[in-house]
Every structure is written in structure tokens, then in C-alpha cells.
Amino acid sequence: MYSEQLKQLVVETLEDMKGNDITCLDVKGMTSVTDHMIIVSGTSNRHIKSLADSIIEKAKENGVRPLGVEGQDSAEWVLVDLGDVVTHIMLPATRQFYDLERLWETSSASLEHQH
């Protein structure tokens, strides 16, 4: 499955499962770890866990095995690594505290100034 198709599959799954404030970041030029980073908020620990489970299930149905899943025990922040797409599923307070969008936007801006 191509990177863009996988990103679309994850976004559609999150939308179907009522994920909140879905943000997609294209990080191809910033890291060799992944092409796309998706950040989404869940309403509760249970909701976060079910968002992660749904992404994993849909990916497997489409022949993509997760490289790793972190944080399912506490479910305040679950990371699902599908290789070309890494998804961060967080409680709103956790998301606000870590502010990954700003971190990656800052990285992007500093990379642009280096070129």
C-alpha cells in the first residue's frame, strides 16, 4: 500500500471512529522515519484505545502490519507506527502539553532556512 493511500485509510478510519481534530503532517523531508504523521484527539482513554485498535485492524485488512504500538496500557497517548504513517492518538490535555504540531512546524521552518 502506498504512503498516500495508507494515510487516507488512517484518516478515514479516524473519521469513522469520531476522532477529534485530525491533523496530517507531511514530514518526508524532515525525517527518514516516516512520511506522514497524523495527530488526533480522543475523548477518553477508552476512545483512544478503540481508535488505535481500529487503525491496526484496518491496516491489517489492507495487508499492512504495524511496526509498533506504544502506550496502550495508559491510553493517554497511543502511538501506532505503520511505517510510512505514524499516528499519535492523545487526550486533549496531553496533546496540548506536548504540542507536536508546533514542534514539527518549527522543525520544518528551520529546515527551510537551511536550504
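Biologist: How many helices and strands does the secondary structure of the protein chain come to?

Modeller: Welcome! One thing to keep in mind from the start is that this is a predicted model. Its protein chain has four helices and five strands. Reading from the N terminus, the order of elements is α-β-β-α-β-β-β-α-α.

Biologist: What does the radius of gyration of the protein chain say about how compact it is?

Modeller: The idea is to set the value beside what a rule for globules gives. Here the radius of gyration is 14 Å and the rule gives 13 Å for 115 residues; the two are close, so the protein chain is as compact as a globular protein of that length. You can also look at the extent of the C-alpha trace, which is about 40 × 35 × 20 Å along the principal axes.

Biologist: How do I read the contacts in the protein chain, and what share of them comes from residues 24 or more positions apart?

Modeller: Take the contacts with a separation of 6 or more, then pick out those between residues 24 or more positions apart: they account for 54%.

Biologist: Which share of the 115 residues is buried?

Modeller: Buried residues make up 42% of them. As for the outside, the protein chain exposes about 6,700 Å², and carbon and sulfur atoms supply 49% of that area.

Biologist: How many positive and negative side chains does the protein chain have?

Modeller: There are 10 positive and 19 negative side chains. The centres of these two sets lie 5 Å apart.

Biologist: Let me try a single residue. Is His88 buried or exposed?

Modeller: The reasoning uses a cut-off: buried means under 20% relative accessible area. His88 has 7%, so this residue is buried. You will find His88 in strand E5, residues 85–90. Leaving aside neighbours within four places in sequence, its contacts include Met37, Ile38, Ile39 and Val40, together with Trp77, Val78, Leu79 and Leu100.

Biologist: And where is Ile22?

Modeller: Ile22 belongs to strand E1, residues 20–26. With a relative accessible area of 26%, Ile22 is partly exposed. Beyond four places in sequence, Ile22 is in contact with Val11, Leu14, Glu15, Ile38, Ile39 and Val40. A distance along the chain and a distance in space can be read side by side: Ile22 and Arg102 are 80 residues apart in sequence and 14 Å apart in space, C-alpha to C-alpha.

Biologist: What about a helix residue: which residues is Thr13 in contact with?

Modeller: Not counting neighbours within four places in sequence, Thr13 is in contact with Ser54, Ile55 and Lys58. Thr13 sits in helix H1, residues 3–16, and counts as buried at 5% relative accessibility.

Biologist: Now the loops. Is Thr34 buried or exposed?

Modeller: Thr34 counts as buried, at 4% relative accessibility, and is found in the loop between E1 and strand E2 (36–41). Among its contacts beyond four places in sequence are Val27, Lys28, Gly83 and Asp84. Thr34 and Pro66 are 32 residues apart along the chain, and their C-alpha atoms are separated by 13 Å.

Lys28 is also placed in the loop between E1 and E2, but this residue is partly exposed, with a relative accessible area of 40%. Lys28 touches Glu4, Thr34, Asp35 and His36, leaving out residues up to four places away in sequence. From Lys28 to Asp84 the C-alpha distance is 9.2 Å, with their positions 56 residues apart in sequence.

Biologist: What is there to notice about phi of Ala75?

Modeller: Ala75 has a positive phi of about 55 degrees although it is not a glycine. Ala75 lies in the loop between strand E3 (68–70) and strand E4 (77–81), and is buried at 4% relative accessible area. Asp99 also has a positive phi, near 45 degrees, and is a residue other than glycine. Asp99 is in the loop between helix H3 (92–98) and helix H4 (100–114) and counts as partly exposed at 24% relative accessibility.

Biologist: Last one: where does pLDDT stay under 50?

Modeller: Where pLDDT is low, predicted coordinates should not be read in detail. In this model, pLDDT stays under 50 over residues 110–115, a stretch with two contacts beyond four places in sequence. For the protein chain, the average pLDDT is 89, and 90% of the residues score at least 70.

How values were computed
Residues are numbered from 1 along each chain as its sequence is written. Side-chain values use heavy atoms; hydrogens and water are left out. Helices (H or I, at least four residues) and strands (E, at least two) are DSSP runs, numbered from the N terminus. The radius of gyration is taken over C-alpha atoms; the globule rule is 2.2 Å times the number of residues to the power 0.38. Buried means under 20% relative accessible area, exposed over 50%, partly exposed in between (1.4 Å probe, protein chains only). Contact means heavy atoms within 4.5 Å. Accessible areas come from the Shrake-Rupley method with a 1.4 Å probe; for residues, only the protein chains shown count as cover. Lys and Arg count as positive and Asp and Glu as negative; His and the chain ends are not counted. The place of a charge is taken as NZ of Lys, CZ of Arg, CG of Asp or CD of Glu. pLDDT is the predictor's confidence in each residue, from 0 to 100.
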